[in-house]
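This report is meant for someone meeting the structure for the first time. Please look over the sequence and the model before reading on.

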Amino acid sequence: MRILKSHPLLRLVNSYLIDAPTPANISYLWNFGSLLAICLIIQIVTGVTLAMHYTPSVAEAFNSVEHIMRDVNNGWLIRYLHANTASAFFFLVYLHIGRGLYYGSYKSPRTLTWIIGTVILIIMMATAFLGYVLPYGQMSLWGATVITNLMSAIPWIGQDIVEFIWGGFSVNNATLNRFFALHFLLPFVLAALVLMHLIAYHDVVGSGNPLGISANYDRLPFAPYFLFKDLVTIFLFFIVLSIFVFFMPNALGDSENYVVANPMQTPPAIVPEWYLLPFYAILRSIPNKLLGVIAMFAAILALMAMPLTDLSKLRGVQFRPLSKIAFFIFVANFLVLMQIGAKHVETPFIEVGQISTVLYFAHFFIIVPVVSIIENSLVELATKK
């Protein structure tokens, strides 16, 4: 046991996974971090394996994916694991962010951890988009064309940026090569950011207390108590992931992406993967192309504003009824945006998307500060009485 506390590397592992003082009352909602670490490991391992057999060329990309599926030993398993774990990754990230918003994990002294987490989300979305293009099916080609074309909204230099990204005048070999190289590189950048996220998280105060009080009270070592608690959810995660991989591997994909890319035929509806739909809905809800692009990126960056806009003297919303109502309205609105992102651009989906977009931004910049001021006033009145 002495080596765990004397060896430089093992001492770090010991301080994070064994002796880390953790509030005794944290719930299973704090297990998302370990599940996300498992997802990242699966994605890197399966991604590197797939890269050994993938050919980033317009002529061979689709065929190389079929070769992986049909000819490579257990290639189908590796690919389905990679594709379905990507969806699991985003599902768990959204739950992780939701838990952070509910329990006020963005408040000082955890603000740096929250900001790094938002950067991780942005890098994840970029990595997922790049990966979606690589199979070079119909949705891959047209999704890449539509999303990269958004850069053309930038005044004066927009079209030049688009052609620089493409490496030509359309999505071609150069585009696939660039996307493949970046898709291979970014997960390792992601791993470095996750390490920074963990360091900022553990070296400041560690896990927050669900009651919103100081996390220094009633602590237990991470192992064995919380280590086994994490193993319970990891076990359940693998059961659910196995159901998708073995019994319904294409349930979350788009059938259009199982047709080889055809630049001469546009799919009936161009939609990204389900986890990007809320932000795609925000993009489409604004008629002006440039403003739509700005709003889409601002929707993600708005998370960084939470430490500034939440003026409450209490951490989290568990004992703040008005904020709790606002939080659940925000969650419902996010799910509505996810549905709208998959619909055709027509009435009434346009109007619903616009209302949901306004409500999304209002939550961060109007509802949260106003509600927190009202609740602060109510607390002051209650204490005076």
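## A buried tyrosine and an exposed tryptophan

Tyr-136 counts as buried, because its relative accessibility of 4% falls under the 20% limit used for that class. This is a predicted model, and in it the phi angle of Tyr-136 is near 55 degrees, a positive value in a residue other than glycine. The residue is placed in the loop between helix 6 and helix 7, the latter covering residues 138–149.

Trp-156 also has a positive phi, near 70 degrees, and is likewise a residue other than glycine. Trp-156 is found in the loop between helix 7 and helix 8, where helix 8 spans 158–166. With a relative accessibility of 85%, Trp-156 counts as exposed, since that value is over 50%.

## Two cis peptide bonds

The backbone has a cis peptide bond between Ser-108 and Pro-109, with omega at about 10 degrees. Pro-109 sits in the loop that runs between helix 5 and helix 6, and helix 6 takes in residues 111–133.

Another cis peptide bond joins Ala-223 to Pro-224, and here omega is about 5 degrees. The loop that holds Pro-224 lies between strand 2, made of residues 219–221, and helix 10.

## Residues with contacts distant in sequence

Asn-31 belongs to the loop between strand 1 (21–23) and helix 3 (32–51), and it is buried, with a relative accessible area of 4%. Its side chain reaches the backbone oxygen of Lys-229 at 2.9 Å. When neighbours within four places in sequence are left aside, Asn-31 is in contact with Lys-229, Asp-230 and Thr-233. Those partners can be located in the chain by noting that helix 10 is made of residues 225–247.

Thr-85 is part of helix 5, which covers residues 75–102, and its relative accessible area is 0%, so that it is classed as buried. Not counting residues up to four places away in sequence, Thr-85 touches Cys-39, Ile-42, Gln-43 and Leu-241.

## An annotated histidine

Which residue is covered by the UniProt annotation "binding site"? According to the unreviewed UniProt entry, that annotation covers His-202, a residue that lies in helix 9, formed by residues 173–204.

His-202 counts as partly exposed, because its relative accessibility is 25%, a value in between the limits of 20% for buried and 50% for exposed residues. Apart from neighbours within four places in sequence, the contacts of His-202 are with Tyr-16 and Ala-20.

## A nonpolar patch on the surface

A nonpolar surface patch of about 1,100 Å² is made by a set of residues that includes Tyr-28, Trp-76, Val-232, Phe-235, Leu-236 and Ile-239. Further along the sequence, Val-240, Ile-243, Phe-246, Phe-247 and Met-248 are also among the residues that form this patch.

Which helix gives the largest share of the nonpolar patch? That share comes from helix 10, which contributes 8 residues. Ile-243, itself one of the patch residues, lies in helix 10. With a relative accessible area of 39%, Ile-243 is partly exposed, and this value is compatible with its place in the patch because patch residues need over 30% relative accessible area.

Note on methods. Residues numbered from 1 in each chain as written. Predicted model: local features only at pLDDT ≥ 70, side-chain atom pairs only at ≥ 80, totals over all residues. Heavy atoms only, no water. Patch = residues over 30% accessible without salt bridge, like charges linked within 9 Å, V, L, I, M, F, W, Y side chains within 5 Å. Areas by Shrake-Rupley, 256 points an atom, 1.4 Å probe, with all protein chains shown as cover. Salt bridge = Lys/Arg side-chain N within 4 Å of Asp/Glu carboxyl O. Helix = DSSP H or I, 4+ residues; strand = E, 2+ residues; numbered from the N terminus. Buried < 20%, exposed > 50% of the residue type's maximum accessible area, 1.4 Å probe, protein only. UniProt positions renumbered as here; feature names shortened; annotations may be inferred. Contact = heavy atoms within 4.5 Å. Polar contact = N/O pair within 3.5 Å; in protein donor to acceptor, adjacent residues only side chain to side chain.
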